[in-house]
Amino acid sequence: MADAIRIENLRKRFRLGFIPKSREILKGITFAVGEGEIFGYLGPNGAGKTTTIKCLLGLIHPDAGTITIFGRPYSSPRSREPLGFLPENPYFYDYLTAREFLAFTADLFGLGRGEKDERIARLLKLVGLERAADLPLRKYSRGMLQRAGLAQALVNDPRLVVLDEPLGGMDPIGRKEIRDIIVRFKDEGKTVFFTSHILQDIEMICDRVAIIVGGRIVKEGGLRDLVSEKVLFTEVTVAGLPPQTFAGLGESVSARGDRVLLKIYDEAKVDEVVGLVHDRKGRLIALSPRTETLEDIFVETVTRT
Amino acid sequence: MKIGAIAGITFKEAKRDRVLYLLFFFAALGIVASRVLAVLTVGDRIKIIKDVGLASISVFGVLMAILIGTGLVYKEIDKKTIYTLLAKPLHRSEFILGKFLGLVLTLLVMTAAMAVIFLAIVYAHTARVEGSLLVAVAYIFLELILITAVAVLFSSFSTPILSSLFALAFYLIGHLSWGLELIIKKMRPGTGKALVRALYLVLPDLENFNFKTEVVHGLPIPPAIYLSSFLYGVCYTAFILGLAVLIFRRRDFI
């Protein structure tokens, strides 16, 4: 079975400015996204994430390298038949209503009238825009535009969904809804390729990630392989005892009222602290081991690079 | 189907443009005012009405084609709506053709509306519907189609202001280039004549679409002239559109 996306040695150089200055944005990107995966593409601003997506969609012509979508070269418009795309800040014809806009995008896929009406109704319900469906898009909030954008990306019932910052500008409830929709895509067997700055979301839903820094992929792999279960430190909140009690056992991060927050790096010392609290008649309020997160890996990788 | 969808959305967008209605208002004003001019003029009044009416349709039609056409593709790139469109299974040539046809449709509606006003004014003066005037209007429309293609061409790589200037220059050169034909006839054979002839071949000759004088004065026009003008318009438009597609296909949308 062909990969949903396969990118090999992708290079792109831009000449920008009044006195054109050449800058290499992508410096030999290689990665693949398997069918049915949720793949997170991470990187700091200006790393080349959007440029990669634009190359994938044929909006930018690469200088070198190959890109295939389900085995078809990216340059053929047919490669985009099984693909749905949501741009970073969705820009649409703001004088159209969401229903008209979806009908227009459905026409670009040549959907028949009956199928088109049924699918538009289903998508409006899926993204929660049924009540605003006949309002012009210029009256939409950013979050509503993002939902309309997601609906247009799904109008062809794509096998591959490419989402550029789909969670940007959403409130926490909206973010959760979009996350749930993305997870539902996976259940339906769709492949999702998306970029996001919100690493907790990526960690929650992605199967695999790639980190791009300065136009190069610096880390790639399954989320479980990258993020170890290793405990970095344990946060212990204790009440009724002065911070000096725990001298040498852990770092006292804060003391508010009679509560002390300790950060303990040595796992063996956690038991010692718990015993001490018990012996001195203090109270143990909370104890939470902090394992490595995607954010830790991201920050470490970007800083190191 | 896809070209039709793009053309439909372009038509919808163009008819929202206030510039279109402003120009239509002035065109209508020009056509109606021709009656006043006719009263003030010594000579054949109906010829003045026809002359001024056809000139109004031509000039304001060209302004519509240039002012709206030059923003068409540029706006899609500037507002980034093009990202969503080109991410669909759409050839860039289909996008350009859709944009072009959408504006052609807009101009067809506008030209038809101006022609109706024009024929009504002529009818009010002569109590006759002069179908022959429609021939001149049809060739004006053919010229507008070519100007639209030129506007779309410039719009695919330049800003609206620069594109408008380029398209206007194309229009002016197109109406003055017939002078080269006269020069060629008077020149002695040689390199100079060959160069001027080459220049004449490259430059557009929009006078090919000008049948106003013949129609207004009731002069006979051989069918071969109609046909050659029609073919000239079709071929030149196809050439310009081909060029627009070629440039647009090579563009990066950063």
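**Notebook: a predicted model with chains A and B**

I started with the sheet in chain A: four strands make an open sheet in the order 2-1-4-5, with antiparallel pairing. I then looked for its edges and found strand 2 (21-33) and strand 5 (72-73) of chain A, each of which pairs on one side only. A reminder to myself: this is a predicted model.

Next I followed one edge inward. Strand 4 (residues 64-69) and strand 5 of chain A run antiparallel and are joined by two bridges. Across from A:Ile69 I found A:Arg72, which belongs to strand 5 of chain A.

**Domains of chain A**

I looked up the domain assignment, and it splits chain A into domain 1 (5-226) and domain 2 (231-304). The C-alpha centres of domain 1 and domain 2 of chain A are 41 Å apart. How many residues of each domain are in contact with the other? I got 10 residues of domain 1 of chain A and seven residues of domain 2 of chain A.

I wanted to know which elements of domain 1 face domain 2 in chain A. Helix 6 (199-205), strand 9 (208-213) and strand 10 (216-222) of chain A each give at least two residues to that side of domain 1. The largest share, three residues, is from helix 6 of chain A. Sorted by class, this side of domain 1 of chain A holds eight nonpolar and two charged residues, and no polar ones.

**Helix 4 of chain A**

Then I turned to helix 4 of chain A, residues 142-153. Its 12 residues reach 16 Å from first C-alpha to last, close to the 16 Å expected at 1.5 Å a residue. Is helix 4 of chain A largely enclosed or largely open? Nine of its 12 residues are buried, so helix 4 of chain A is largely enclosed by the rest of the structure. I listed the buried ones: A:Leu145, A:Gln146, A:Arg147, A:Ala148, A:Gly149, A:Leu150, A:Ala151, A:Gln152 and A:Ala153.

What covers these residues? Within chain A, I noted strand 6 (83-86), helix 2 (98-108), helix 3 (113-126), strand 7 (160-164) and helix 5 (172-187) among the covering elements. Chain B joins in too, with its helix 4 (81-86).

**Where the chains meet**

That sent me to the contact between the chains, which takes 24 residues from chain A and 20 residues from chain B. On the chain A side, helix 2 of chain A supplies the largest share, four residues. By class, I read off 14 nonpolar, five polar and five charged residues for the side of chain A that touches chain B.

**Chain B as a whole**

My last stop was chain B, whose secondary structure comes to 11 helices and zero strands. How compact is chain B? Its radius of gyration is 20 Å, close to the 18 Å that the globule rule gives for 254 residues, so chain B is as compact as a globular protein of that length. Along the principal axes, the C-alpha atoms of chain B fill a box of roughly 60 × 50 × 30 Å.

I also checked burial, and 44% of the 254 residues in chain B are buried. Of the contacts in chain B with a separation of 6 or more, 80% are between residues 24 or more positions apart.

I closed with helix 5 (residues 92-126) of chain B. It has 35 residues and reaches 50 Å from its first C-alpha to its last, close to the 51 Å expected at 1.5 Å a residue. Just after helix 5 of chain B comes B:Ala127, where I noted a positive phi of about 60°.

Notes
Residues are numbered from 1 along each chain as its sequence is written. Chains are lettered from A and ligands numbered from 1 in the order in which they are written. This is a predicted model: local features need pLDDT of at least 70, side-chain atom pairs count only at pLDDT 80 or more; totals for chains, interfaces and linings use all residues. Domain bounds come from an automatic or database domain assignment. Two residues are in contact if their C-beta atoms, placed from the backbone, lie within 7 Å. Ala, Val, Leu, Ile, Met, Phe, Trp, Tyr, Cys and Pro count as nonpolar, Asp, Glu, Lys and Arg as charged, and the others, Gly among them, as polar. The expected span of a helix is 1.5 Å times one less than its number of residues. A residue is buried if 20 or more other C-beta atoms lie within 10 Å of its own, exposed if 12 or fewer, and partly exposed in between; C-beta atoms are placed from the backbone. The radius of gyration is taken over C-alpha atoms; the globule rule is 2.2 Å times the number of residues to the power 0.38. Two strands pair if DSSP finds at least two bridges between them.
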